[in-house]
Amino acid sequence: MPPKVEYTASDVARELESAFEQLGTWVERHHEYIAAAQEAYDTGRVGVVAP
């Protein structure tokens, strides 16, 4: 059995928690636009995606 390792975020890292939560909320709200922009980029149609 491999040794057990536990990780804990530092105080500095925990300061970022609310920022990551807000980023996650933003991504959820704009996921369709993000996916369309990625598709446009992947197919060489950069700048074609409407807001």
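Arg14 and Asp11 lie three residues apart in helix α1, which comprises residues 11–14, and are therefore separated by about one helical turn. An α-helix has 3.6 residues a turn, so residues three or four places apart point the same way. In this predicted model, Arg14 and Asp11 are joined by a salt bridge, in which the closest N and O atoms are 2.2 Å apart. The two partners fall into separate exposure classes: Arg14, with a relative accessible area of 41%, is partly exposed, whereas Asp11, with a relative accessible area of 57%, is exposed. The class of Asp11 follows because exposed residues are those over 50% relative accessible area, and 57% is the value computed for Asp11.

A search of the whole structure returns two salt bridges, and besides the pair in helix α1 there is one between Glu6 and Lys4, with the closest N and O atoms 3.4 Å apart. Lys4 is placed in the segment before α1, and its relative accessibility of 71% counts as exposed; Glu6 is likewise exposed. The side chains of Lys4 and Glu6 are also in polar contact, at 3.4 Å.

With regard to overall architecture, the protein contains three helices and zero strands, and the order of elements from the N terminus is α-α-α. Of the 51 residues in the protein, 2% are buried. The protein exposes about 5,000 Å², of which carbon and sulfur atoms supply 59%.

Part of the exposed surface is organised as a nonpolar patch of about 660 Å², made by Leu16, Phe20, Leu23, Trp26, Val27, Tyr33 and Ile34. Two or more residues of this patch come from each of α2 (17–29) and α3 (31–42), and α2, with four residues, gives the most. Among the patch residues, Trp26 is found in helix α2 and is partly exposed, its relative accessible area being 41%. Trp26 is assigned to this class because its value of 41% falls between the limits of 20% for buried and 50% for exposed residues.

The geometry of α3 was examined through its length. The helix has 12 residues, which at 1.5 Å a residue should span 16 Å, and the end C-alpha atoms of α3 are 16 Å apart, in agreement with that expectation. Just after α3, Gly44 takes a positive phi of about 80°.

Confidence in the prediction was considered for the protein and for its elements. The average pLDDT of the protein is 90, and 88% of the residues score at least 70. Among the elements, the highest mean pLDDT, 97, belongs to α2 and the lowest, 91, to α3. The helix that gives the most residues to the nonpolar patch, α2, is thus also the element with the highest mean pLDDT.

How values were computed. Residues numbered from 1 in each chain as written. Heavy atoms only, no water. Patch = residues over 30% accessible without salt bridge, like charges linked within 9 Å, V, L, I, M, F, W, Y side chains within 5 Å. Areas by Shrake-Rupley, 256 points an atom, 1.4 Å probe, with all protein chains shown as cover. Salt bridge = Lys/Arg side-chain N within 4 Å of Asp/Glu carboxyl O. Buried < 20%, exposed > 50% of the residue type's maximum accessible area, 1.4 Å probe, protein only. pLDDT = per-residue confidence, 0-100. Expected span 1.5 Å × (residues − 1). Polar contact = N/O pair within 3.5 Å; in protein donor to acceptor, adjacent residues only side chain to side chain.
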